[in-house]
Amino acid sequence: MATRILGIESSCDETAAAVVVDGREILSSVVSSQLDIHRKYGGVVPELASREHLRQIVPVVREALLQAGLNFNDIDAVGVTQGPGLVGSLLVGVTYGKVLATELKKPLVPVNHLEGHVHAVFLEAHLGGKVPQMPAVCLIVSGGHTLLYHVQSAAGNSDAPKPGFQFRRLGGTRDDAAGEAYDKVARLLALGYPGGPIIDQLAGKVAANGSNFHEKDGLHFNPVKIKSNPFDFSFSGIKTAVLYYVRQHPEFEGEIETRKKALQSGLRKAADLLPLCSPRTLALISKFQAAVVRDLVTRALDAALQTNSRTVLVSGGVAANSELRDRFTSKAAETGVTVFFPSRALSTDNAAMIAAAAYPHLLAGDLAADDLNAEPNLRLA
Ligand code: KG4
Ligand code: ZN
């Protein structure tokens, strides 16, 4: 019998609900983004986020059921993000999930948001005809996280093989997450919020035309060296290097002011901002992106080689980045590793990945206790 799980996600600034069958087939996936609310602050404001989740959770869940063509009673279980994330945001989803599961007399499965990002890769991989082989290395790279895990199929014993995955943490960021660095650099240069997508698009314009600014202009970011753990990351140095570069070049001031005004007037697409960016700004953006991408790809592929993994899974908002996808794919081919990404829609926060991650836990009987609470610092391994 097919198992239909209603997934609920509210860990940060997206209220999401989805219905997924047997952890694989997406019947619906609805995401209500709060971007327009947080944009003017240049980042997520936790109090506003929880208030908006409260407003959105009921209509978003209803819409997910409607799109799946189901009623509440057709659902076999509810999966809800328990953590990590913003406590006030998580509480909305956890409380709603508890009440709903109790009312429906259906099992409630607490889900680790990070595990959801791993499942996002598997949700669609089979559609491409290629299933990721285990063991794998997984890079979760978003506005809140930059983490590297070793992933294996959960073992159990021969009488009771365990479904799902086992995780071992290999490393993580020591300061900013990669997406956070994108957002901070975009804020510094007045490119809007969130910074990742716009920098991605603007940097693409430079790659096509080439750039006249090179090392002699001081536009060069050395690879970040981290003592003790080669699989840890650090992005605050790159971000600070961008800041110093901008301070050393007063000619940036005028165009930054112009772009601030453009943003205030509602212009924020790459096509709107491109004519307002000097060649030096575009070169700076593209060097910044190249440095971040090089670092992510190098450490993840090194981790795959060192752990004898033939597969790398990349997930989280920054996994939507074009240069990251291109560089991963070409470098991986050189090293005999296969890289898998979710589609762009499943790279960023969504509830289909939460419903998919809930499925093996439901099979294993890992259900929520009556006193289930939000865990803002929940770990994966
Ligand atoms: O996973 P996500 O939606 O939310 C969490 O942070 O959990 O990721 C959002 C982050 C933001 O920092 C955003 O700037 C970044 O992902 N991002 C990108 C791209 N699209 C989103 N970064 C680089 N390139 C992109 N195309
Ligand atoms: Zn996330």
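**Exercise 1. Zinc site spacing**

Task: Determine how the donor residues of the zinc ion (ligand 2) are spaced in sequence, and which parts of the chain His117 and Asp349 tie together.

Solution.
Step 1. The spacing of the donor residues of the zinc ion (ligand 2) reads H-x3-H-x231-D. Donors here are N, O and S atoms within 2.8 Å of the metal (3.2 Å for Na, K and Ca); water is not among the atoms, so sites may look incomplete.
Step 2. His117 belongs to helix 4 (residues 113-125) and Asp349 to the loop between helix 12 (344-347) and helix 13 (352-364), so this pair ties together parts that are 232 residues apart in sequence. Helices (H or I, at least four residues) and strands (E, at least two) are DSSP runs, numbered from the N terminus.
Step 3. The protein donor atoms are NE2 of His113, NE2 of His117 and OD of Asp349, at 2.1 to 2.2 Å from the zinc ion (ligand 2).
Step 4. His117 and Asp349 are both buried; buried means under 20% relative accessible area, exposed over 50% and partly exposed in between (1.4 Å probe, protein chains only).

Conventions: this is a predicted model, in which local features need pLDDT of at least 70 and side-chain atom pairs count only at pLDDT 80 or more, while totals for chains, interfaces and linings use all residues. Residues are numbered from 1 along each chain as its sequence is written, chains are lettered from A and ligands numbered from 1 in the order in which they are written, and side-chain values use heavy atoms, with hydrogens and water left out.

**Exercise 2. The chain as a whole**

Task: Describe the protein chain by its secondary structure, radius of gyration, burial and contacts.

Solution.
Step 1. There are 13 helices and ten strands in the protein chain.
Step 2. Its radius of gyration is 21 Å, close to the 21 Å from the globule rule for 381 residues, so the protein chain is as compact as a globular protein of that length. The radius is taken over C-alpha atoms, and the rule is 2.2 Å times the number of residues to the power 0.38.
Step 3. The C-alpha trace spans about 65 × 50 × 35 Å along its principal axes.
Step 4. Of the 381 residues, 52% are buried.
Step 5. Among contacts (heavy atoms within 4.5 Å) with a separation of 6 or more, 74% involve residues 24 or more positions apart.

**Exercise 3. Phe167 and Val293**

Task: Place Phe167 and Val293 in the fold and list what each touches.

Solution.
Step 1. Phe167 sits in strand 8 (residues 165-172). With 15% relative accessibility, Phe167 is buried.
Step 2. Beyond residues up to four places away in sequence, Phe167 touches Glu115, Val118, Tyr149, His150, Val151, Leu380 and Ala381.
Step 3. Phe167 and Asp13 are 154 residues apart along the chain, and their C-alpha atoms are separated by 26 Å.
Step 4. Val293 is part of helix 10. This residue is buried as well, with a relative accessible area of 1%.
Step 5. Leaving aside neighbours within four places in sequence, the contacts of Val293 are Tyr182, Asn321, Glu323, Leu324 and Arg327.
Step 6. From Val293 to Arg325 the C-alpha distance is 9.1 Å, at 32 residues apart in sequence.

**Exercise 4. Thr307 and Asn308**

Task: Is Thr307 buried or exposed, and is Asn308 buried or exposed?

Solution.
Step 1. Thr307 lies in the loop between helix 10 (279-306) and strand 9 (311-315). Asn308 is in the loop between helix 10 and strand 9.
Step 2. Thr307 has a relative accessible area of 17% and is buried, whereas Asn308, at 64% relative accessibility, is exposed.
Step 3. Apart from neighbours within four places in sequence, Thr307 contacts Val137, His150, Arg168 and Leu170.

**Exercise 5. Backbone exceptions**

Task: Which residues does a cis peptide bond join to Pro135 and Pro194, and what is the phi of Ser228 and of Asn308?

Solution.
Step 1. Most residues other than glycine have a negative phi, and most peptide bonds are trans.
Step 2. Met134 is joined to Pro135 by a cis peptide bond, with omega about -5 degrees. Pro135 is in the loop between helix 4 and strand 6 (136-141).
Step 3. A cis peptide bond also joins Tyr193 and Pro194, with omega about -5 degrees. Pro194 is in the loop between helix 5 (178-188) and helix 6 (195-209).
Step 4. Ser228, not a glycine, has a positive phi of about 80 degrees. Ser228 is in the loop between helix 6 and helix 7 (236-248) and, at 72% relative accessibility, is exposed.
Step 5. Asn308, not a glycine either, has a positive phi of about 55 degrees.
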